[in-house]
Amino acid sequence: MKFNPEQTRRQFIKNTAQVFCTGSILLSLKNIESKSIKDKFDASNLIEARYYEKLPNRKIKCVLCPRECIIDDQETGYCGVRENYGGTYYTLVYGKPCSAHVDPIEKKPLFHFLPGSTAFSIATVGCNVLCKFCQNWQISQARPDQVESHDFPPKAIANYAYKNDCQSIAYTYTEPVIFTEYMYDCAEAGKSVNVKSVMISNGYIKAQPMKDLCKVLDAVKVDLKAFTEKFYKEMVAGQLQPVLDTLVLLRQEEMWTEIVYLVIPTLNDDTKELQQMCKWIVRELGPDVPIHFSRFYPQYRLKNLPPTPVTTLVKARKIALDSGIHFAYIGNVPGHEGESTFCPGCNNIVVHRMGYQIVRNDIKKNGQCQHCGHKIAGIWN
Amino acid sequence: MCSIKRREFIQTGIKAGAAFYFGTIPGCKGGAKEHFNKNNHYPIVIAQNSVIRDKNENLIGKQVNNLLDRAMENLFQVNKAEQAWQCLFKENDVVGIKVNCLGGKGISTHIELVEAIIEGLKSAGVLERNIIVWDRANRDLEKVGYRIITDRNKIKYYGTDVAGYTYDIYEYGEVGSHLSNILVKQCTAIVNVPILKDHGIVGITNALKNFFGAIHNPNKYHDFNGDPYIADVNMLSEIRSKVRIIISDALTIQYDGGPPFMPQWAWHYNGLLVGFDPVAIDTIGWDIIEQQRKENRLQTLKQVGREPTYIATAADEKHRLGFNDLSKINVIRI
């Protein structure tokens, strides 16, 4: 492996600039008029939700995610951000992000999508599952009246990303499925100024809304939280099969997709489970879908387990590579060689990473390895 | 050397434990404790009055007050209701009256009942400025007709959206939630004043379910008919230790179409369910709703997939929040 100190320095300066840029965005967000949820039922503030069916007695059925909540008048769905009001279903978070940040795309993580670029990352409150190990539970498990939000309409999001040299808008931190209307409109606005869009999701979404989103998105990262229904039921309050269905759908739609698997000691680190999952990925999605094995740290309601031993992550990565997956990574272990991309053709490092920084990138703009010319799967230009 | 006998010590311990279990104050003189000794659990008073409304079907405040007085007198077996209130509250208590206003006007905790409870609290010496009528949000209270008041010297009416939620997460079983600051930080005692009605997911909503209005994430806990989540929420120490009495508003009951108000399924029961045991009160409330459903040729809640199984869970060995065997609940009807 060759080390280029000059390039590293440049990268360092670039990343430092990103930090300052991030600070300025947070500062400017404070100047944006804060909107209280108290007047959320002022009709002019509300956007009618997409993906629902009207039922008798002012009930509605939400068909956005596999949960398919049936919601009485003046009640919200499981996500807490979509409310039935008089038989009409509204999104309470359209244009109201609670978080906005400029992040390196590697933080998402998306390793095969414009490496070294930045993504203007936004989130509203809410989530359609309940992971006991959630890293952003302060906003994902809250409701709109419990977290301060800001007026930030789609066009302003796109313009902000463009003016700050972000090559993409990332819908992330919480679960973007629950603000699908806002995400769609932001992505559409982004396209008009040549800014791409990436969805960082749990994949817990019904087929039609996902198909619609594929028209405006450029990449999707899916958290595959385990490969057993038991785990999904007990730790996520969701189901595995719909997530697998989403992954297959993304493949059919030719959407660039990467998978993250948070390895939690004793809960989803079984060798057989990992083998079955990797075989399924190769069979159903193909060997070029990258998988990131991320290190778990005790969080939220799962504080009784230790951080994932690095040896477990190494084992998981080896299982993936042995199963035929071309790109298997180790996440949340800065400096580990498993952060870098190896060319499947010549086995040289083609993207050398250190944490979220790109130390060296040996992939040509057309996606070929500079060493052997092998075409590396991903979006590089 | 202590002169108390071992048997007396154990007996006292059991009584005190049982009293704490139901959120009452040990040492209170009155019939309720005698009932407990005799039947192994506290009674539930079902108080009804058919002439509680005027000819326009509006509640008569004075009659509601009388009904509550009689319920308290019978629950505590005392001659005057104020004696009962004095058993429950001290002068320096800050008392939260937890109402349920989510169903809007028509099927929410009635203002007349809340006013009667306030009179009772005042008769126990509780200062007006130490009484807070609260629910999830100001808008919930306002849509029912409560006026938001935050003046420190008056009886206060406001929602948790004003007071906020605790930073800490309170956990039991499947539940992990931030709790209302009103419950945790502002009140020393709670009067649980739910409304009895049908619920489209969990079957019925009454005493146990009312505390979904005290957590920040009730939307996460309606799966599986709210079982075991509703029971788990009621196990949280801040709720168990502060609820002194339950006064369930059964003046108007809705037996189908809930939780929003559906007048075609609402009827004037003109009653109150008063006691210390939330499980017993919910069991009785469920039975009242089932009887009304039967009379109106509706299927049972079990048949429509909405059996409130969380009530049995609240009574199980793990939770022990009260008794759910209808045949063994000691009911006083007045």
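Me: Before we get to helix H6 of chain A, what makes a residue buried here?
Reply: The call rests on counting other C-beta atoms within 10 Å of the residue's own, with C-beta atoms placed from the backbone. With 12 or fewer the residue is exposed, and in between it is partly exposed. For buried, the count has to be 20 or more.

Me: OK, and this is a predicted model, right at the start. Which residues of H6(A) are buried?
Reply: Yes, the model is predicted. The helix covers residues 229–236 of chain A. Its buried residues are Tyr232(A), Met235(A) and Val236(A).

Me: What arc do those buried residues cover around the axis of H6(A)?
Reply: In an α-helix there are 3.6 residues a turn, so residues three or four places apart point the same way. Tyr232(A), Met235(A) and Val236(A) are the buried ones in H6(A). They sit on the same side of the helix, because the arc they cover is only 100 degrees.

Me: Which exposed residues are on the face turned away from the buried side of H6(A)?
Reply: We've got Tyr232(A), Met235(A) and Val236(A) on the buried side. Turned away from that side is a face with the exposed residues Glu229(A), Lys230(A) and Lys233(A).

Me: What is phi for Ala237(A), and is this residue buried or partly exposed?
Reply: Ala237(A) comes just after H6(A), in the loop between H6 and H7 of chain A. Most residues other than glycine have a negative phi. Ala237(A) has a positive one, near 60 degrees. Its 19 other C-beta atoms within 10 Å fall short of the 20 needed for buried, so the residue is partly exposed.

Me: Where in chain B is Gln77(B), and what is its phi?
Reply: Gln77(B) lies in the loop between helix H3 (61–76) and H4 of chain B. It counts as partly exposed, with 17 C-beta neighbours inside 10 Å. This residue is not a glycine, yet its phi is positive, near 55 degrees.

Me: How do H4(B) and H5(B) cross, roughly parallel or roughly perpendicular?
Reply: H4 spans residues 81–88 of chain B and H5 residues 111–123, and their axes come within 8 Å. The crossing angle is roughly 75 degrees. Angles from 65 to 115 fall in one class, so H4(B) and H5(B) are roughly perpendicular.

Me: Which residues meet there, and how do they divide by class?
Reply: From H4(B) come Ala81(B), Glu82(B) and Trp85(B), and from H5(B) come Gly120(B), Leu121(B) and Ser123(B). By class, the residues of this contact are 3 nonpolar, 2 polar and 1 charged.

Me: Which peptide bonds are cis?
Reply: Most peptide bonds are trans. Pro109(A) lies in the loop between strand S7 (99–104) and strand S8 (118–123) of chain A, and Pro259(B) in the loop between S10 (243–254) and S11 of chain B. The cis bonds leading into them are Lys108(A) to Pro109(A), with omega near -10 degrees, and Gly258(B) to Pro259(B), with omega near 10 degrees.

Me: Is Asn270(B) buried or exposed, and what does it touch?
Reply: Asn270(B) is in strand S11 (residues 266–275) of chain B. With 20 C-beta neighbours inside 10 Å, it meets the cut-off of 20 or more, so it is buried. Leaving out residues up to four places away in sequence, it touches Gln48(B), Asn49(B), Ser50(B), Ile52(B) and Leu251(B).

Me: How far is Asn270(B) from Leu59(B), C-alpha to C-alpha?
Reply: Along the chain, Asn270(B) and Leu59(B) are 211 residues apart. In space, their C-alpha atoms are separated by 9.0 Å.

Me: Which residues touch the most other members of the largest nonpolar core?
Reply: That core has 102 residues. Phe120(A), for one, touches residues including Val102(A), Tyr160(A) and Cys166(A). Apart from this core lies another of 99 residues, with Ile52(B) and Tyr229(B) among them. Those with the most contacts in the largest core are Phe120(A), Ile157(A), Ile169(A), Met183(A), Val198(A), Ile291(A) and Phe293(A).

Me: How many residues of each chain are in contact across the two chains?
Reply: The side of chain B that touches chain A has 6 nonpolar, 7 polar and 4 charged residues. In all, 17 residues of chain B are in contact with 18 residues of chain A.

Terms used. Residues numbered from 1 in each chain as written. Chains lettered and ligands numbered in written order. Predicted model: local features only at pLDDT ≥ 70, side-chain atom pairs only at ≥ 80, totals over all residues. Core = buried A, V, L, I, M, F, W, Y, C linked by C-beta atoms within 7 Å. Contact = placed C-beta atoms within 7 Å. Nonpolar A, V, L, I, M, F, W, Y, C, P; charged D, E, K, R; others polar. Axes fitted to C-alpha atoms, helices over the stretch in contact; angles between N-to-C directions. Helix = DSSP H or I, 4+ residues; strand = E, 2+ residues; numbered from the N terminus. Parallel < 35°, antiparallel > 145°, perpendicular 65-115°, else oblique. Arc of directions from axis to C-beta.
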